[in-house]
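Subject: The structure for you to look at

Hi,

Here is the structure I promised to pass on to you. Have it open while you read, and turn it around as you go.

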Amino acid sequence: MNNIVILTGAGISAESGLKTFRAEDGLWEDHPVEEVATPEGFARNPGLVQRFYDERRASILAAAPNLAHLALGRLDAEWSGELLIVTQNIDDLHERGGARRVLHMHGEGLSAWCQSCDARHRWTGPLRNGPPCPACGDVALRPDIVWFGEMPYRMGEIYAAIARADLFVSIGTSGAVYPAAGFVQEANRSGARTVELNLEPSAGSRWFAETRLGPASELVPEWVGDVLSASFPSPRQPA
Ligand code: BV8
């Protein structure tokens with residue numbers, strides 16, 4: 001087994017204290033998704049959307065990586081084959097947990113994107129009081145987030161990695177949002193072994209060859225141990 005693709009969602013950061021989207025105390029509960037996670041919502045009420053992401057940015061900075069992030073950091077350091085962690089999360093806890101091969105398909109909370117000059121800047125402060133773009137000086141910075149109806153980042157790279165994968169693992173995601181929720185079906189088409197690690201079965205559980213249920217901080221270190229000790233069954237299904 002050489003090539004691994006991992007998809008992560010909000011559930012991997014839940015034990016770091018960051019809210020998920022669809023729990024009862026979830027993020028969308030306070031705000032209809034159309035208001036805060038669409039370009040139309042931003043055009044309609046930029047102040048509300050900027051405040052929503054200012055709060056998320058502050059909570060990201062206050063959070064710490066948990067045992068699941070640290071285990072993936074260890075996997076990244078020790079895995080000699082291909083590895084790509086595709087995350088739907090906008091936090092930087094994978095990176096702070098030691099992972100390097102990380103792709104944020106829905107953008108990053110600690111990045112600001114200038115709508116005038118297209119520059120992107122690492123951003124840890126608020127955006128709601130209209131700071132000027134450090135590159136062009138215009139007051140045109142938006143959260144560097146992929147909203148509903150916008151194309152996720154680096155999709156070509158993601159599909160190429162899945163096409164080469166021997167193992168596809170989904171961690172902490174409800175499988176509610178596309179195209180991420182469809183990756184497991186691509187992985188099955190490319191003959192990869194598919195594993196889901198989640199607190200409860202996701203909407204796509206039936207597409208996975210194996211599902212392990214429990215908190216990520218327990219499941220992920222155990223699974224990484226299995227993979228690194230090569231006690232993991234060979235993933236390539238017979239052609
Ligand atoms: C696009 C950034 C096309 C924002 C996000 C009808 C059918 C199919 C598709 C569509 C449709 N209508 C519209 C669409 C497309 C739409 C979509 O899928 N809508 C859904 C609602 C049906 N998708 C899009 O718009 C995407 N773009 O399609 O573009 C296009 C084509 C051409 C040109 C232009 C465009 C873009 C979607 C991206 C939206 N942005 N995030 C932000 O973060 O603020 S989505 C956001 O929700 C996340 O990023 C993630 O992707 C998604 C789901 O969240 P999860 O991460 O899964 O979190 P959730 O709370 O749902 O679940 C947590 C899970 O963890 C649970 O299962 C829970 O049990 C588990 N868990 C909890 N605690 C733990 C745990 N597991 C382990 N341990 C624990 N401790």
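D54 sits in helix α4. Please keep in mind from the start that this is a predicted model. Is D54 buried or exposed? Its relative accessibility is 7%, and buried means under 20%, so D54 counts as buried. The side chain of D54 makes a polar contact with the side chain of R128, at 2.9 Å. Beyond the residues up to four places away in sequence, D54 touches G125, P126 and L127 as well as R128.

Now for the helix around D54. Helix α4 covers residues 46-62, which makes 17 residues. At 1.5 Å a residue these should span 24 Å, and the C-alpha atoms at the two ends are indeed 24 Å apart, so the expected and the actual span agree. D54 has buried company in α4: L48, V49, Q50, F52, Y53, R56, R57 and I60 are buried too.

One of those residues, R56, leads us to the ligand. Which residues are closest to the ligand? They are R22, R56, Q88, T173 and S174, out of 33 residues that surround it. Sorted by type, this shell has 17 nonpolar, eleven polar and five charged residues.

If you would like some distances to check on screen, try these three:

- An N or O atom in the side chain of Q88 is 2.6 Å from an oxygen atom of the ligand.
- For F21 it is a backbone N or O atom that lies 2.7 Å from a ligand oxygen.
- Y178 also uses a polar backbone atom, which is 2.7 Å from an oxygen atom of the ligand.

How much of the ligand does the protein bury? Taken alone, the ligand exposes 1500 Å², and the protein buries 74% of that.

T173, one of the residues closest to the ligand, deserves a second look. You will find T173 in the loop between β7 (167-171) and α8 (183-189). With a relative accessibility of 12%, T173 is under the 20% limit and therefore counts as buried. Leaving out neighbours within four places in sequence, T173 is in contact with L7, G9, Q88, N198 and S202. Q88 is on that list, and Q88 is also among the residues closest to the ligand.

A176 is found in the loop between β7 and α8 too. Why does A176 count as partly exposed? Its relative accessibility is 40%, which lies between the 20% limit for buried and the 50% limit for exposed. Apart from neighbours within four places in sequence, A176 is in contact with R22 and A181. For a sense of distance, compare A176 with D76: they are 100 residues apart in sequence and 27 Å apart in space, C-alpha to C-alpha.

The loop between β7 and α8 also holds P179. The peptide bond from Y178 to P179 is cis, with omega near 0°.

Finally, here are two backbone details to look up. D118 has a positive phi of about 75° although it is not a glycine. D118 lies in the loop between β4 (107-114) and β5 (120-122), and its relative accessible area of 48% makes it partly exposed. R154 is not a glycine either, yet its phi is positive, at about 55°. R154 belongs to the loop between β6 (141-145) and α7 (155-164), and at 44% relative accessibility it counts as partly exposed.

Enjoy exploring!

Best wishes

Note on methods: Residues numbered from 1 in each chain as written. Predicted model: local features only at pLDDT ≥ 70, side-chain atom pairs only at ≥ 80, totals over all residues. Heavy atoms only, no water. Helix = DSSP H or I, 4+ residues; strand = E, 2+ residues; numbered from the N terminus. Buried < 20%, exposed > 50% of the residue type's maximum accessible area, 1.4 Å probe, protein only. Contact = heavy atoms within 4.5 Å. Expected span 1.5 Å × (residues − 1). Near = heavy atom within 4 Å. Polar contact = N/O pair within 3.5 Å; in protein donor to acceptor, adjacent residues only side chain to side chain. Areas by Shrake-Rupley, 256 points an atom, 1.4 Å probe, with all protein chains shown as cover. Nonpolar A, V, L, I, M, F, W, Y, C, P; charged D, E, K, R; others polar.
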